[in-house]
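Dear colleague,

I am handing over the model we spoke about, with the notes I made while going through it. Please read them alongside the coordinates.

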Number of protein chains: 4
Amino acid sequence: METIDASTANQLRSFIERLERLEEDKAIISQDIKEVFAEAKATGFDTKIMKTVLKIRKMDEQKRLEAEAILETYCHALGIDSVSDISKSLQKAA
Amino acid sequence: METIDASTANQLRSFIERLERLEEDKAIISQDIKEVFAEAKATGFDTKIMKTVLKIRKMDEQKRLEAEAILETYCHALGIDSVSDISKSLQKAA
Amino acid sequence: METIDASTANQLRSFIERLERLEEDKAIISQDIKEVFAEAKATGFDTKIMKTVLKIRKMDEQKRLEAEAILETYCHALGIDSVSDISKSLQKAA
Amino acid sequence: METIDASTANQLRSFIERLERLEEDKAIISQDIKEVFAEAKATGFDTKIMKTVLKIRKMDEQKRLEAEAILETYCHALGIDSVSDISKSLQKAA
DNA sequence: CACTGGAAAATGCCGC
DNA sequence: GCGGCATTTTCCAGTG
């Protein structure tokens, strides 16, 4: 069986620890989210409806991103480097 | 249909925005985790094994927590307020 | 719209019925589990603790399986077909 | 701390083992269900649609049961012991 | 590159 | 009626 040198072991340990720290941060945020929902509920809001609202807003955001992606494709096809170039043009025009 | 006054609407908006910010933070961390795995993989580590290692370490932690939960339940059943009370008793005894 | 021939429809019906029977069996077992908990509770046991005990026992089993999975992965990486091959080698050596 | 006599310990062990056996049976059925879905998929059916079909049929069944519950309530209110009494009457009539 | 298996997230349910 | 938990659904990396 292959031996693992100390350096490699330390690298691995480092990766594992970084991951565990990130997972922990993520867990904390998940907890924060739950607390915000709890607070909203205590204030009298219906969390189920709130979740639906969030979902719809996310879908809208997604739609916007997809629209931008299409725009980006068109820009590329038309030889315009990026959307920001259009912004600049528009600002100049204004 | 009931009308919603401006104040309530603002409260709701505030909750929604806080939640969206938290969701975004969480998404960033998820992305970070993926990148660490990618880096580890590029360094030559087997991510599958790494995930299993993380899982086992998490299970150890989880098991410890479950055991503590049982202890807590017993303490409650026996009229001892908390585990720390036991610690105190033991310290006195020592 | 595509038409569905009778044979296909019967096949589908057969699958659906098999699934519904299995779901029903599963529901019966879930009910049995509830009843055992109820009986234990009536006998004076704390179901919460029982659930925790079951969880820990399950985790032990799971941990064992995870560890075996890692071993299996190493074996594979080292060109050893299976754990039983190791057993054989060890038996010869003994 | 209270001591637990052997008899109680055996009772507990018995409950735990019964539960573990039931959990195992349940897991087997869950596995069977997955296999039926896999088979249906291999036959060319869309499992997602099948799941929707099952859900709708379940809702229908639920509706039927609720209707029966209402009927049962009426029967009770009218001094008829059970639905089966109605069945008998109908069978006689036929 | 479609598929499968497993992890993460969302939903629904049950007990308190 | 609520929190907590189990189940379900969804997503994604890995694989043939």
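How many residue pairs in polar contact does the rule find across the interface of chain C and chain B? The rule finds 3 such pairs there, both residues at pLDDT 80 or more, where a polar contact is a pair of N or O atoms within 3.5 Å, and within protein one atom must be able to donate a hydrogen and the other to accept it, with residues adjacent in sequence counting only if both atoms are side-chain atoms.

Before the rest, two remarks on conventions. This is a predicted model, so that local features need pLDDT of at least 70 and side-chain atom pairs count only at pLDDT 80 or more, while totals for chains, interfaces and linings use all residues. Residues are numbered from 1 along each chain as its sequence is written, chains are lettered from A and ligands numbered from 1 in the order in which they are written, and side-chain values use heavy atoms, with hydrogens and water left out.

Chains C and B

The interface of chain C and chain B also holds 4 salt bridges by the rule, a salt bridge being a side-chain nitrogen of Lys or Arg within 4 Å of a carboxyl oxygen of Asp or Glu. One of these joins the side chains of C:Lys55 and B:Glu66, at 3.7 Å from N to O. On the side of chain C that touches chain B there are 7 nonpolar, 3 polar and 6 charged residues; in this classification Ala, Val, Leu, Ile, Met, Phe, Trp, Tyr, Cys and Pro count as nonpolar, Asp, Glu, Lys and Arg as charged, and the others, Gly among them, as polar.

The two chains are related by symmetry as follows. A turn of 180° with a shift of 0.0 Å along the axis lays chain C on chain B with an RMSD of 0.6 Å, the copies being superposed by least squares on the C-alpha atoms of residues with pLDDT of at least 70 in both. That is the relation of a two-fold axis. The C-alpha of chain C nearest this axis belongs to C:Met59, 3.5 Å from it. Both copies use the same surface, since 94% of the contact residues of chain C recur in chain B, and the contact (heavy atoms within 4.5 Å) takes 16 residues from chain C and 15 residues from chain B. Between them the two chains bury about 1,500 Å², 76% of it on carbon and sulfur atoms, buried area being the accessible area (1.4 Å probe) that two parts lose on being put together, summed over both.

Chains A and B

Between chain A and chain B, 26 residues of chain A are in contact with 26 residues of chain B, and the buried area is about 2,700 Å², of which 78% lies on carbon and sulfur atoms. A:Phe15, A:Leu19 and A:Phe45 supply 21% of the area that chain A buries against chain B, more than any other three residues. The count for this pair of chains is 4 salt bridges, including one between the side chains of A:Glu39 and B:Arg18 (3.1 Å, N to O), and there are 6 residue pairs in polar contact, both at pLDDT 80 or more. Two elements of chain A, helix 1 (6-43) and helix 2 (47-77), each give two or more residues to the side that touches chain B, helices being DSSP runs (H or I, at least four residues) numbered from the N terminus. Helix 1 of chain A gives the most to that side, with 21 residues. By class, the side of chain A that touches chain B has 14 nonpolar, 4 polar and 8 charged residues.

The DNA strands

DNA strand E is surrounded by A:Lys26, A:Lys55, B:Lys26, B:Lys55, C:Lys34, C:Lys41 and D:Lys41, where a residue is near a strand if one of its heavy atoms lies within 4 Å of it. The surface near DNA strand E has no nonpolar, no polar and 7 charged residues, and sugar or phosphate makes up 100% of the strand's atoms within 4 Å of the protein. Phosphate oxygens of DNA strand E lie 2.4 Å from a polar side-chain atom of A:Lys55 and 2.5 Å from an N or O atom in the side chain of C:Lys41.

Around DNA strand F are A:Lys41, B:Lys34, B:Lys41, B:Thr47, C:Lys26, D:Lys26, D:Lys51 and D:Lys55. Here too, sugar and phosphate account for 100% of the strand's atoms that come within 4 Å of the protein. A phosphate oxygen of DNA strand F is 3.2 Å from an N or O atom in the side chain of A:Lys41.

With best regards
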